[in-house]
Amino acid sequence: MEFGSQRLITAAAAAILIFLCFHGFCYSLKPPAIGFVKCAINAPPVSYHDYIIVGGGTAGCPLAATLSERFDVLVLERGDSPYGNPNVSNLASFVQNLADLSPTSPAQRFVSEDGVVNARARCLGGGTCINAGFFSRASSQEVTEMGLDPELANESFRWVEREVAFWPQLTEWTSALREGLLAAGVTPDNGLTYEHLEGTKVGGTTFDPMGHRHTAADLLKYANPAKINVLLRATAQRILFRKRTHRHKRPEAYGVVYKDEAGTVHEAHLKKGSAGAVILSAGALGSPQLLMLSGVGPADHLMSLGIDVVLDQPMVGHDIADNPLNLIAVPSPEPLPITSVQVVGIRPGYYVESLTGFNLVAALQGAKSSQIPESSRPQIPNQGNQNSYSFQGGIIAEKLAKPLSRGYLRLKTLDPEDNPSVTYNYFMNPEDLGTCLEGMQTIMKAIDTKGLSKFRYPNLSAEDLLALTASTVVNNRARTALDSTSLEQYCRNLVLTIWHYHGGCAVGKVVDEEYRVIGVDGLRVIDGSTFSFSPGTNPQATVMMLGRYMGVRIKNEGDQQGH
C-alpha cells in the first residue's frame with residue numbers, strides 16, 4: 001500500500017494528522033551562519049573524513065556539531081534545508097507540510113502494512129522539522145534504563161535546550177484541558193517543567209514566542225566550520241566494507257557510497273589511520289534499511305533480494321514498535337487559535353495531549369451530524385487549493401506510552417529512496433488494548449468537565465463526539481458497525497500514529513552500549529532506531545540529547561571504541 005493510492009486524507013482526521021507529531025516543517029526565522037551546508041551535486045567524486053554521519057536529523061545534527069570540535073566530519077542528508085521553505089515558516093502555516101506529497105517534501109509519507117498512514121522526515125533537522133514541537137525530557141528512570149550516565153545526559157539536555165526549547169503561552173483551551181485532566185484524575189499538577197513526571201504538566205515547545213520553529217539543524221551553530229561539511233540531497237546507497245581477512249576477522253566499514261540529486265555517484269571514505277567511524281543517524285526506518293542494503297541483516301531476507309551478505313544479523317529490522325494514537329475531535333461553537341501541544345497528562349501506560357485551530361489538515365469526508373452547525377463541521381479540502389483546510393475546534397488524543405506489541409521491517413526494493421515495508425502489529429498484545437481503553441475513558445472524563453464545556457456544543461455528549469470522530473477518521477484498516485459504540489473496536493480500527501515509531505537497531509541486539517554495530521568494526525548507529533521504547537511524551541528532546549551525549553563521549557575518549 002503506497003501513499004499515491006491513498007484516499008484523500010481529509011478535516012477532523014485532519015486535525016488528526018497534524019496533531020500527530022509531525023505537523024510542521026523545519027523553520028527558524030534566521031538560519032544560523034552555516035556556510036558549510038552545501039548541495040551534494042558540488043561534492044568531489046571521493047572525499048576523506050574522520051567521521052561520516054548518514055542523516056542530518058534529530059540526532060545527526062547535534063552529533064556532528066559536537067564531533068566537529070575535534071574531528072573532520074561529513075554529514076550526508078538526503079533532504080533539503082529547512083531554511084527558506086515557504087511551507088515551513090511558522091506555527092500558523094505548518095499544516096501545508098503534511099499535505100506536500102512532492103518528491104522533495106520534508107515529510108515522506110508511507111503506509112504500514114497495518115493500514116496506518118505515517119511519515120518519515122526528509123529534511124536537515126529531521127523529525128524536529130515536521131512535528132508538533134512538544135519538548136519533554138526522558139524521565140530519570142528512562143535515562144537509567146537506556147544505560148546512560150545521568151550527569152552527562154542532563155548536561156546534554158541543557159545544551160540542547162539553550163538553543164531550541166521555550167515555554168508556551170497557554171490559551172484558554174489548553175488551560176481548560178489542564179483543569180479537565182486534573183479533574184479526571186491525572187494528578188498531581190506538576191506545573192511548568194521539561195521533566196517527565198506522572199500527572200498533568202505544561203511542557204516545553206520548540207516554537208518561540210513569535211511562533212517560529214527551532215530545530216536540530218539550529219544546533220549546527222555550535223559546529224567548528226573548519227572541520228565539518230554538510231551535504232544536502234545526498235542519498236546514501238550503501239556502506240562500504242573491507243571483507244574479512246586473516247588479519248581482520250570482522251568486516252570493517254570504511255566509507256559510504258551516495259548519490260546527489262542528479263544521480264551522480266560519489267564516495268566518502270574514512271581517512272587512513274583514523275580511529276573514526278561511519279555513523280548511521282538515518283532514523284528508525286532509514287538506519288535498519290541502509291544496514292540491510294549494505295549486507296548487514298537477516299541473511300535469508302538479503303539473499304532473496306540478491307544482496308551480498310556481509311554479516312548475518314537477524315535482529316536488524318526486528319523489534320520495531322509504533323506508539324498507537326487514538327483521539328476524539330471536539331467541534332467548538334467559537335473559533336480557537338492554532339496551538340501546538342502545550343499540556344500533557346501523563347499516566348503510567350499512556351499520555352493525553354491536544355491540538356487546536358482552524359487550518360488543520362482536514363480529514364473527514366464529511367462529518368454529517370446535523371447537530372453541528374455548518375460553520376463548525378470539518379470541511380473537505382478543495383483539491384485545487386491545499387490551503388483550504390478548515391476545522392473549528394480541537395482534538396484530544398491519547399498515546400500508548402510503551403506498547404508491548406512488536407513488529408518488523410523488511411526491504412521492498414533495492415532503492416534507498418523507496419520506503420521499506422513495515423508492520424507494527426498494533427494491539428497484537430492484549431495489554432496494549434486495555435491501556436488504550438483506559439486512555440480513551442480518561443479523555444471522555446476530561447471532555448465532560450466544566451472547564452471544557454464552553455468549547456463544546458451542549459447537545460453533544462462525549463459519546464456523540466466519539467461517534468462523530470469514528471465517522472471521519474481515515475486509515476486503511478477494516479471497519480465495523482461497532483466502531484462508534486465499542487471502545488475496543490474504536491481503538492483497534494481507528495488507530496493512528498503520532499510518528500514516534502522506534503527500534504530496528506536495538507541496543508543489546510544490533511548495537512552495543514556504545515552504539516557500535518555488533519560484529520562489525522568502524523560502524524555505529526545513533527538515533528531512535530536503537531530505542532526499545534519512546535522516551536518522554538515526545539522523543540525529540542531525548543534523541544537530540546543522545547546525539548550530543550554520544551558526540552561528547554566519542555570526542556573525549558578519542559573514539560577508542562570506534563573499532
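This passage walks through the strands, helices, inner spaces and unusual backbone sites of one protein chain. The model is a predicted one. The protein chain holds 13 helices and 26 strands. Of its 563 residues, 65% are buried. The chain exposes about 19600 Å², and carbon and sulfur atoms supply 51% of that area.

A good place to start is the parallel sheet. Here 6 strands line up in the order β1-β11-β4-β3-β15-β26, forming an open sheet with parallel pairing. Its edge strands are β1 (37-39) and β26 (523-525), each of which pairs on one side only. From one strand to the next, the twist averages 20 degrees. Within this sheet, β4 (residues 73-77) pairs with β11 (residues 228-232) in the parallel sense over 5 bridges, and V73 stands opposite I228 in β11. Strand β4 also pairs with β3, again in the parallel sense, over 4 bridges. In that pairing, I53 has V75 of β4 as its bridge partner.

Strand β3 deserves a closer look. In a regular strand, side chains alternate between the two faces of the sheet. Both faces of β3 are covered, with Y51 and I53 buried on one side and I52 and V54 buried on the other. Helix α2 (residues 60-67) lies across β3 (51-54), β4, β11 and β15 (277-280), and runs at about 170 degrees to β3.

The mixed sheet comes next. It is an open sheet of 7 strands in the order β8-β9-β20-β21-β22-β19-β25, and its pairing is mixed. At its edges stand β8 (189-192) and β25 (496-497); each has a single partner strand, so one side of each lacks a neighbour in the sheet. One pairing inside it joins β20 (residues 343-346) to β21 (residues 350-356) in the antiparallel sense over 2 bridges, with G345 opposite V352 in β21.

Helical packing around this sheet involves α9 and α11. Helix α9 lies across β19, β21 and β22 (393-400), running at about 150 degrees to β22. In helix α11 (residues 462-470), the buried residues are A462, L465, L466, L468, T469 and A470. An α-helix has 3.6 residues a turn, so residues three or four places apart point the same way. The buried residues of α11 pack against β19 (324-331), α9 (430-447) and α12 (487-493), which places α9 in contact with α11 as well as across strands of the mixed sheet.

Attention can now turn to the empty spaces. Rolling a probe the size of a water molecule over the atoms shows where empty space is left. The largest cavity has a volume of about 760 Å³. It is lined by 46 residues, and those closest to its centre are A121, G127, A282, G283 and A284. At least two lining residues come from each of β4, β6 (117-121), β12, α7 (283-293) and α13 (540-557). Helix α7 provides the largest share of this lining, with 7 residues.

The largest pocket encloses about 490 Å³ of space. Among its 25 lining residues, R78, P103, R122, T235 and E417 are the closest to its centre. The elements that contribute two or more residues to this lining are β5 (107-111) and β12 (235-242). Strand β5 gives the most, with 3 residues. Strand β12 thus appears in the lining of the largest pocket and also in that of the largest cavity.

Three backbone sites round off the picture. The peptide bond from T187 to P188 is cis, with omega near 5 degrees. P188 sits in the loop between α6 (172-183) and β8, and β8 is an edge strand of the mixed sheet. Two further residues, neither of them a glycine, have positive phi values: about 60 degrees for D319 and about 65 degrees for Y515. D319 belongs to strand β18 (residues 318-320), whereas Y515 lies in the loop between β25 and β26. With buried meaning under 20% relative accessible area, D319 counts as buried because its value is 18%. Y515 is buried as well, because its relative accessible area is 2%.

Definitions and conventions:
Residues are numbered from 1 along each chain as its sequence is written. This is a predicted model: local features need pLDDT of at least 70, side-chain atom pairs count only at pLDDT 80 or more; totals for chains, interfaces and linings use all residues. Side-chain values use heavy atoms; hydrogens and water are left out. Two strands pair if DSSP finds at least two bridges between them. Axes are lines fitted to C-alpha atoms, for helices over the stretch in contact, and angles run from 0 to 180 degrees between N-to-C directions. Contact means heavy atoms within 4.5 Å. Buried means under 20% relative accessible area, exposed over 50%, partly exposed in between (1.4 Å probe, protein chains only). Accessible areas come from the Shrake-Rupley method with a 1.4 Å probe; for residues, only the protein chains shown count as cover. On a 1 Å grid over the protein atoms alone, a cavity is a set of points where a 1.4 Å probe fits but cannot get out, and a pocket is an open set with protein on both sides within 12 Å along at least five of seven lines; lining residues have an atom within 4 Å of a point. Grid points are joined across faces, edges and corners, and a volume is the space filled by probe spheres set on the points.
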